[in-house]
Amino acid sequence: MGSVAPDELKRALRAQAEEALLDLFLQPIRDMRFLEHTLPADRPLSLRLALPELVVEGLRRRQRHDEIRRTLGGLDVVPSVVGSPPPSSLSPRDRLILAKLDGTRDADAIALLCHVAPFQVVELIERGVREGFIAVARTSADVVAPGPWALAQQADAALAAGDLRAAW
């Protein structure tokens with residue numbers, strides 16, 4: 001469609017592929033099998049990934065994930081901004097995430113809204129809890145994140161309005 005430059009698309013696909021690989025480190029160890037030759041042969045896409053660096057980052061995330069789970073008492077939490085102001089050293093990505101912490105969404109819903117990995121959301125939540133600018137509540141029936149159908153309807157409405165970024 002020409003909406004995205006080829007280099008920008010390749011960077012986005014590389015980032016998605018890296019996050020998918022890093023997410024494997026957070027999954028319980030199981031018997032995993034990878035299927036070879038499953039990509040369409042007529043549309044090859046070569047992404048050169050730095051596997052040694054990804055493995056190191058994956059192991060770091062696995063260790064941090066365990067620390068975060070212990071600090072928060074689990075990952076089934078709904079965060080909200082409280083008390084002390086957040087530090088000025090937060091990255092633009094963290095500020096985007098912080099803006100979505102309204103006490104009604106869990107980490108997965110926030111990650112989807114911000115187009116970031118859930119790990120990045122829980123890492124910020126854990127930091128905020130430690131530093132006192134985020135509080136968490138356990139998920140309950142009162143806190144309902146939008147389901148896939150509601151999100152699809154929101155995306156359709158955004159497309160109808162011509163807002164491709166919001167639809168994505």
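## Close-up views of a predicted model

**Figure 1. Confidence across the predicted model.** In this predicted protein model, confidence is lowest in helix 1 (residues 6-24), with a mean of 82. Helix 3 (residues 92-99) has the highest confidence, at 94. Over the protein, the mean pLDDT is 83. A pLDDT of 70 or more is reached by 83% of the residues.

**Figure 2. The order of helices and strands.** The protein has seven helices and two strands. Follow the sequence, and the pattern reads α-α-β-α-α-α-β-α-α. Many contacts join distant parts of this sequence. Take the contacts with a separation of 6 or more: 72% of them link residues 24 or more positions apart.

**Figure 3. Inside and outside.** The protein contains 168 residues, and 23% of them are buried. Its exposed surface is about 11,600 Å². Carbon and sulfur atoms supply 58% of that surface.

**Figure 4. The largest nonpolar core.** This core holds 19 residues. Which of them touch the most other members? They are Ile-97, Val-121 and Ile-134. Helix 2 (51-72), helix 3, helix 4 (107-114) and helix 5 (118-131) each give the core at least two residues. Helix 5 makes the largest contribution, with five residues. A general tendency applies here: in soluble globular proteins, nonpolar side chains tend to be buried together.

**Figure 5. The surroundings of Ile-97.** Leave aside residues up to four places away in sequence, and Ile-97 touches Ile-110, Cys-114, Val-116, Gln-120, Val-121 and Leu-124. One of these partners, Val-121, is also among the three core residues that touch the most other members. Two further partners, Val-116 and Gln-120, get their own views below.

**Figure 6. Val-116, in a loop.** Val-116 sits in the loop between helix 4 and helix 5. Is Val-116 buried or exposed? Val-116 counts as buried, because its relative accessibility is 16% and the cut-off for buried is under 20%. Setting aside residues up to four places away in sequence, Val-116 touches Arg-93, Ile-97, Ala-111 and Val-121. Now compare Val-116 with Leu-96. In sequence, they are 20 residues apart. In space, their C-alpha atoms are 9.9 Å apart.

**Figure 7. Gln-120, in helix 5.** Gln-120 is part of helix 5. At 14% relative accessibility, Gln-120 counts as buried. Which residues does Gln-120 touch, not counting those up to four places away in sequence? They are Glu-19, Arg-61, Arg-93 and Ile-97. Arg-93 and Ile-97 are also touched by Val-116.

**Figure 8. Two salt bridges in helix 2.** Side chains of opposite charge can pair when their charged atoms come close. Here, Glu-57 forms a salt bridge with Arg-60. Their closest N and O atoms are 2.9 Å apart. Why are these two residues separated by about one helical turn? They are three residues apart in helix 2. Both are partly exposed: Glu-57 has 22% relative accessibility, and Arg-60 has 35%. Glu-67 and Arg-64 make another salt bridge, at 3.0 Å from N to O. They too lie in helix 2, three residues apart, or about one turn of the helix. Glu-67 is partly exposed, with a relative accessible area of 26%. Arg-64, at 16%, counts as buried.

**Figure 9. Arg-93 and Asp-94, and a wider network.** The side chains of Arg-93 and Asp-94 form a salt bridge, at 3.5 Å from N to O. Arg-93 is partly exposed, with 34% relative accessibility. Asp-94 is buried, with a relative accessible area of 9%. Elsewhere, shared partners link salt bridges into one network of Glu-19, Glu-57, Arg-60, Arg-61, Arg-64, Glu-67, Glu-123, Glu-126 and Arg-130. The whole structure contains eleven salt bridges.

**Figure 10. A nonpolar patch on the surface.** Which residues make this patch? Leu-21, Leu-24 and Leu-51 do. The patch covers about 220 Å². Leu-51 belongs to helix 2. Helix 2 also supplies at least two residues of the largest nonpolar core.

Technical notes: Residues are numbered from 1 along each chain as its sequence is written. This is a predicted model: local features need pLDDT of at least 70, side-chain atom pairs count only at pLDDT 80 or more; totals for chains, interfaces and linings use all residues. Side-chain values use heavy atoms; hydrogens and water are left out. pLDDT is the predictor's confidence in each residue, from 0 to 100. Helices (H or I, at least four residues) and strands (E, at least two) are DSSP runs, numbered from the N terminus. A nonpolar core is a set of buried Ala, Val, Leu, Ile, Met, Phe, Trp, Tyr and Cys residues joined through side-chain atoms within 4.5 Å. Buried means under 20% relative accessible area, exposed over 50%, partly exposed in between (1.4 Å probe, protein chains only). Contact means heavy atoms within 4.5 Å. Accessible areas come from the Shrake-Rupley method with a 1.4 Å probe; for residues, only the protein chains shown count as cover. Patches are made of residues with over 30% relative accessible area and no salt bridge: like charges are joined within 9 Å, nonpolar side chains (Val, Leu, Ile, Met, Phe, Trp, Tyr) within 5 Å. A salt bridge is a side-chain nitrogen of Lys or Arg within 4 Å of a carboxyl oxygen of Asp or Glu.
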